[in-house]
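Me: I am new to this structure. Please pick one part and take me through it closely, then show me what else is worth finding around the chain.

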Amino acid sequence: MTRPRVFVARHLPGRALEYLAEHADVDIWPDEMPPSAADVADVAARSVSCHGLLSLLTDRVDAALLDSAPDLLVVSNMATGFDNVDVPAASERLVLVTRTPGVLAETTADFTFALILAAARRVVEGDRFTREGRWKTWGPEVLLGQDIYGATLGIVGMGGIGSEVARRAKGFGMRIIYNSRTRKPEVEEETGAEFGSLDEVLRESDFLTIHAPLTPETKHLINADSLRTMKRTAILANTSRGGLVDQWALYEALRDGVIAGTALDVTDPEPMASDDPLLTLDNVIVTPHIASASVATRSRMAMLAAENMVRALNGEVPENTVNPEIAVGWRARVRRSLA
Ligand code: GLV
């Protein structure tokens with residue numbers, strides 16, 4: 001049997017690379033910055049044939065890239081989201097695409113709460129206030145924020161991460177209202193979450209948090225109209241994908257007091273430029289896409305991406321496959337390539 005060759009788009013935490021190397025010849029992109037499509041093509045060419053690509057959410061896996069690596073059988077994306085991969089183009093070329101859902105839900109939900117709490121209680125402003133030498137005395141009206149307990153949390157997208165956010169919100173004594181493609185009776189039962197239309201969720205939320213995938217249907221789900229529907233005191237958190245929010249509309253809404261604040265872990269584009277207008281506002285917190293960034297979770301994501309890769313190169317269709325419908329033709333390709 002031909003030993004498969006795998007290109008890994010960045011050095012990974014934990015044991016994932018060792019595990020991959022037990023099953024395949026592995027090329028690792030050495031830089032912190034993502035490889036360009038040309039770099040990937042170059043590595044694929046130098047590797048004679050590249051059967052697997054372990055990609056990150058910063059890597060655009062599009063038709064051009066797929067064409068530059070014609071022996072590619074598997075794209076294992078180390079992320080729960082896969083908007084960076086052109087899945088129809090992969091399916092057309094009988095390339096299996098996998099992702100890493102589940103293992104990051106709790107860590108991402110923890111971070112979502114970190115953002116909500118930081119924005120509500122002005123943690124980042126407080127830290128700046130101290131560093132700038134403005135803390136002169138305890139003041140009854142200094143840096144007053146909003147209470148979390150008793151407030152209404154709106155969740156858009158009640159998948160794995162949204163459900164974990166709901167569990168945490170229950171612990172904080174919040175009322176929960178949500179909108180999602182499908183109703184989640186078990187989450188409603190456990191957390192008391194109420195299902196509502198998107199409009200109801202926007203209107204009633206003191207805090208709104210987004211946990212939906214980025215698709216053509218969800219792009220700019222939060223726009224000037226939806227922001228105007230929200231309470232003037234509302235705070236928006238986003239740990240999903242920047243593209244769900246029309247960022248210019250958000251800037252205008254925050255500048256004009258249409259809503260009270262925002263905390264974003266994801267932006268459009270990424271990275272956010274340091275002179276972005278949003279960063280001129282005090283009621284804005286932006287972190288650099290780190291919601292899943294705990295040592296344990298990033299190691300689990302890397303390992304799951306490596307396991308998906310190894311399974312797929314053995315001709316199995318892993319549970320976390322995005323395009324299982326190509327299985328029959330794809331398996332025949334794997335057999336031909338790695339016989
Ligand atoms: C992170 O954003 C992910 O999709 O895993």
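Reply: Start with a cut-off. A residue counts as buried when its relative accessible area is under 20%, as exposed when it is over 50%, and as partly exposed in between. Keep in mind that this is a predicted model.

The part to look at is His211. Where does His211 sit? It is found in the loop between strand 9 (207-210) and helix 10 (224-229). Is it buried or exposed? The relative accessible area of His211 is 12%, so it is buried. That value falls under the 20% cut-off, which means the label follows directly.

Now look at its side chain. A polar contact of 2.7 Å links the side chains of His211 and Thr209. Then look further along the sequence. Which residues does His211 touch, once neighbours within four places are set aside? They are Thr112, Ile155, Val156, Gly157, Ile161, Gly162, Val165, Thr239 and Ser240.

Three of those names lead to a helix pair. Thr112 belongs to helix 5, while Ile161 and Val165 belong to helix 7. Take the pair in turn. The axes of helix 5 (residues 105-120) and helix 7 (residues 160-171) come within 8 Å and cross at roughly 55°. Helix 5 is therefore oblique to helix 7. Their crossing is right-handed. On the helix 5 side, the contact is made by Ala105, Glu106, Thr108, Ala109, Asp110, Thr112 and Phe113. On the helix 7 side, the residues are Gly160, Ile161, Glu164, Val165, Arg168 and Ala169. By class, this contact has six nonpolar, three polar and four charged residues. So Thr112, Ile161 and Val165 appear twice: in the contacts of His211 and in the contact of helix 5 with helix 7.

Stay with the loop for a moment. His220 is found there too, between strand 9 and helix 10. What is notable about its phi? Phi of His220 is near 55°, a positive value in a residue other than glycine. Most residues other than glycine have a negative phi. With a relative accessible area of 29%, His220 is partly exposed. His211, in the same stretch between strand 9 and helix 10, is buried.

A second positive phi turns up at Leu143. Its value is near 50°, and Leu143 is not a glycine. Leu143 lies in the loop between helix 6 (123-131) and strand 6 (152-156). It is partly exposed, at 27% relative accessible area.

Next, the strands. Thr262 is found in strand 11 (residues 261-264). Its relative accessibility is 0%, so Thr262 counts as buried. Not counting residues up to four places away in sequence, Thr262 touches Leu236, Leu250, Leu254, Asn283, Val284 and Ile285.

Follow the chain out of strand 11. Where are the cis peptide bonds? One joins Asp268 and Pro269, with omega about 5°. Another runs from Glu270 to Pro271, with omega near -5°. Most peptide bonds are trans. Pro269 lies in the loop between strand 11 and strand 12 (284-286). Pro271 lies in that loop as well.

Here is another helix pair to set beside helix 5 and helix 7. The axes of helix 1 (residues 16-23) and helix 12 (residues 295-313) come within 8 Å and cross at roughly 10°. These two helices are therefore roughly parallel to each other. The crossing is right-handed. Helix 1 contributes Ala16, Tyr19, Leu20 and His23, which meet Ala302, Met303, Ala306, Glu307, Met309 and Val310 of helix 12. Eight of the residues in this contact are nonpolar, one is polar and one is charged.

Last, two pairs of residues. Asp27 is in strand 2 (residues 25-28), and it is partly exposed at 25%. Asp27 and Cys50 are 23 residues apart in sequence and 9.3 Å apart in space, C-alpha to C-alpha. Gly329 is in helix 13 (residues 327-337), and it is partly exposed at 28%. Gly329 and Arg93 are 236 residues apart in sequence, with their C-alpha atoms 9.9 Å apart in space.

Terms used
Residues numbered from 1 in each chain as written. Predicted model: local features only at pLDDT ≥ 70, side-chain atom pairs only at ≥ 80, totals over all residues. Heavy atoms only, no water. Helix = DSSP H or I, 4+ residues; strand = E, 2+ residues; numbered from the N terminus. Buried < 20%, exposed > 50% of the residue type's maximum accessible area, 1.4 Å probe, protein only. Polar contact = N/O pair within 3.5 Å; in protein donor to acceptor, adjacent residues only side chain to side chain. Contact = heavy atoms within 4.5 Å. Axes fitted to C-alpha atoms, helices over the stretch in contact; angles between N-to-C directions. Parallel < 35°, antiparallel > 145°, perpendicular 65-115°, else oblique. Left-handed = near helix turned anticlockwise from the far one by under 90°. Nonpolar A, V, L, I, M, F, W, Y, C, P; charged D, E, K, R; others polar.
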